[in-house]
Amino acid sequence: QVQLRESGGGLVPPGGSLRLSCSASGIIPPARVMGWWRQTPGKERELVASVTPKGTTPYADPVKGRFSISRNSAENIIYLQMNNLKSEDTATYYCNTVPPNVWPITTWGQGTQVIVPS
């Protein structure tokens, strides 16, 4: 199985930018759709961006035009560039397959926290 580790979160003012990284402990099969998810306390985890094997990148409506997902398959890293951040983007961000926990991914990582004060 492959473990995922997210990094790059932090405290950023409204309008600022962050780039999140998701590194894998092993090879993620190219056929896997990979995505970035986010969760706030009391709410379900939601998918915000994904990248398909063909390179298409659908986004959730709240982040369209502001977030950009990319994948470095050679290094098994998934990135999420977040621009023009808003307070409603405050959440813990996770990467995973879409749908989640498809082999060789079997569990969620620790996530990385993004805080955008209002």
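**Stop 1: the disulfide**

Select the cysteines to begin. This predicted model holds 1 disulfide. Its partners are Cys22 and Cys95, with sulfur atoms 1.7 Å apart. Look along the S-S bond of Cys22 and Cys95: the torsion is about 50 degrees, so the disulfide is right-handed.

Now colour the chain by sequence position and ask which parts of the chain this pair links. Cys22 sits in strand 3 (residues 18–24) and Cys95 in strand 8, and the two cysteines are 73 residues apart, so the link joins distant parts of the chain. As a reminder for labelling the bond, a disulfide is a covalent bond between the sulfur atoms of two cysteines.

Switch on a surface. Are these two cysteines buried or exposed? Cys22 has 1% relative accessibility and counts as buried. Cys95 is buried too, with a relative accessible area of 0%.

**Stop 2: the whole chain**

Zoom out and show the cartoon. How many helices and strands does the chain have? There are 0 helices and 9 strands, so the order of elements from the N terminus reads β-β-β-β-β-β-β-β-β.With the whole trace in view, the C-alpha atoms span about 40 × 25 × 25 Å along the principal axes. How does the radius of gyration agree with that of a compact globule, and what are the values? For 118 residues, a compact globule would have a radius of gyration near 13 Å, and the chain has 13 Å, which agrees.

Colour by accessibility next. Buried residues make up 41% of the 118 residues. The chain exposes about 6,200 Å², and carbon and sulfur atoms supply 51% of that area. If you draw a contact map, take the contacts between residues at least 6 apart in sequence: 55% of them join residues at least 24 apart.

**Stop 3: the aromatic cluster**

Select Trp37, Tyr94 and Trp108, and show their side chains as sticks. Ring pairs link these three residues into a cluster. A search of the whole structure finds 2 aromatic pairs.

Start with Trp37 and Trp108. Their rings form an edge-to-face pair, 5.5 Å centre to centre with 90 degrees between the planes. This pair links distant parts of the chain: Trp37 is in strand 4 (residues 34–39), Trp108 is in the loop between strand 8 (91–97) and strand 9 (112–115), and the two are 71 residues apart. Trp37 counts as buried at 11% relative accessibility, whereas Trp108, at 22%, counts as partly exposed.

Then turn to Tyr94 and Trp108. What geometry does this pair have? The ring centres of Tyr94 and Trp108 are 5.7 Å apart and the planes lie at 75 degrees, so the pair is edge-to-face; the angle that calls for this label is over 60 degrees. Tyr94 belongs to strand 8 and Trp108 to the loop between strand 8 and strand 9, so the pair ties together parts that are 14 residues apart in sequence. Tyr94 counts as buried, at 12% relative accessibility.

**Stop 4: Arg45 over the rings**

Keep the rings on screen and add Arg45. Which ring faces does Arg45 lie over? One of them belongs to Tyr94, with Arg45 at 4.2 Å from the ring centre. Arg45 also lies over the face of Trp108, at 3.9 Å from the ring centre.

**Stop 5: the loop between strand 8 and strand 9**

You have already met Trp108 in this loop. Now display the backbone and select Val98 and Pro99: the peptide bond from Val98 to Pro99 is cis, with omega near -5 degrees. Pro99 is in the loop between strand 8 and strand 9.

Move along to Trp103 and Pro104. Here too a cis peptide bond joins the residues, with omega at about 10 degrees. Pro104 is also placed in the loop between strand 8 and strand 9.

Select Asn101 while you are here. What is its phi? Phi of Asn101 is near 60 degrees, a positive value in a residue other than glycine. Asn101 lies in the loop between strand 8 and strand 9 and is partly exposed, with a relative accessible area of 31%.

**Stop 6: Asn76**

For the last selection, go to Asn76. Where is Asn76 placed? Asn76 is in the loop between strand 6 (67–72) and strand 7 (77–82). Although Asn76 is not a glycine, its phi is positive, at about 55 degrees. Is Asn76 buried or exposed? Asn76 is buried, with a relative accessible area of 12%.

Definitions and conventions
Residues are numbered from 1 along each chain as its sequence is written. This is a predicted model: local features need pLDDT of at least 70, side-chain atom pairs count only at pLDDT 80 or more; totals for chains, interfaces and linings use all residues. Side-chain values use heavy atoms; hydrogens and water are left out. Rings of Phe, Tyr and Trp (its six-membered ring) pair if their centres lie within 6.5 Å; planes under 30 degrees apart count as stacked, over 60 as edge-to-face and the rest as tilted. Helices (H or I, at least four residues) and strands (E, at least two) are DSSP runs, numbered from the N terminus. Buried means under 20% relative accessible area, exposed over 50%, partly exposed in between (1.4 Å probe, protein chains only). A charge sits over a ring if NZ of Lys or CZ of Arg is within 6 Å of the ring centre and within 35 degrees of the ring normal. A disulfide is a pair of cysteine sulfur atoms within 2.5 Å. The radius of gyration is taken over C-alpha atoms; the globule rule is 2.2 Å times the number of residues to the power 0.38. Contact means heavy atoms within 4.5 Å. Accessible areas come from the Shrake-Rupley method with a 1.4 Å probe; for residues, only the protein chains shown count as cover.
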